[in-house]
Amino acid sequence: KHRHIFTHTLETTTTIFVMARLLFLSLFSALILATVVTKSEAFSKTVKAPYRMHRPKKLTHIHFYFHDIVSADKPTAVIVATAPTTNSSASAFGLVVVIDDPLTVGPEITSEEVGRAQGMYSSADQKTFGLLMNLNLVFTKGEFSGSTVAMYGRNPVMSKVREMSIIGGTGAFRFGRGYAEARTFVFDTTNGNAVVEYNVYIWH
């Protein structure tokens, strides 16, 4: 009889131990899962600027002339793609052009070169001449030599003044933001070459 009671007690104790262990494992797993979910949900946080220069401290104004040369012995703007309907489109919709255009101090091509506009533009409007500009302004002389500015936006070329976004930069313009104003200085209807005046404003 005592042996039966002892066996029953041992079985009960074992059962309680197993249940307690399972409960502990369940609670531990739930805790781990909650921690993982919490970490995955916190996908963003505010951090301190790694360098003092990354905090926007000043507004810089840069003025230059942009030379888009499509007809020359060495053109700086080259058509790389067209759509089947581009030639019949009133706005050349689907046209894609890659550029490495010189940026100069004055409107003459012989003026001092201070940088290059490298990237592409495409005709992205089916009704009017509206270009999508996606390029880097690469400065090669002066205070900002070696720095770049990323410009992106819509360029309705028939408008007197066009405004595009400055969405970033490198070097002196890390974390840069601002806008660019473009005004056509001259457009040659015989060959398609253009000179555009730019005023760029950058917080950096």
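**Hairpins and a nonpolar core**

Trainee: What stands out about G171 in the hairpin of β7 and β8?

Mentor: In this predicted model, G171 takes a positive phi near 65 degrees. The hairpin it belongs to has six residues between the strands.

Trainee: How do you know that β7 and β8 count as paired strands?

Mentor: The cut-off is at least two bridges found by DSSP. Five bridges join β7 to β8 (residues 177-187), so the two strands pair, and they run antiparallel. Within this pair, E163 stands opposite E181 in β8.

Trainee: And what makes β6 and β7 a pair?

Mentor: The reasoning follows the bridges again. β6 (residues 148-156) and β7 (residues 162-170) have five bridges, where at least two are needed, so they pair, in the antiparallel sense. Y152 stands opposite S165 in β7, and a hairpin of five residues joins β6 to β7.

Trainee: Nice! Why is V200 said to touch L137?

Mentor: Contact means heavy atoms within 4.5 Å, and V200 meets that with L137, so we say they touch. Among the other residues V200 touches are T60, F64, I166 and Y179, leaving aside residues up to four places away in sequence.

Trainee: What makes L137, Y198 and V200 notable in the largest nonpolar core?

Mentor: They have the most contacts inside this core, which has 27 residues. To belong, a residue of a listed nonpolar type must be buried and joined to others through side-chain atoms within 4.5 Å; buried means under 20% relative accessible area.

Trainee: Which element gives the largest share of this core?

Mentor: That is β5, with five residues. Elements giving two or more residues include β1 (59-68), β6, β7, β8 and β9 (194-203).

Conventions
Residues are numbered from 1 along each chain as its sequence is written. This is a predicted model: local features need pLDDT of at least 70, side-chain atom pairs count only at pLDDT 80 or more; totals for chains, interfaces and linings use all residues. Side-chain values use heavy atoms; hydrogens and water are left out. Helices (H or I, at least four residues) and strands (E, at least two) are DSSP runs, numbered from the N terminus. Buried means under 20% relative accessible area, exposed over 50%, partly exposed in between (1.4 Å probe, protein chains only).
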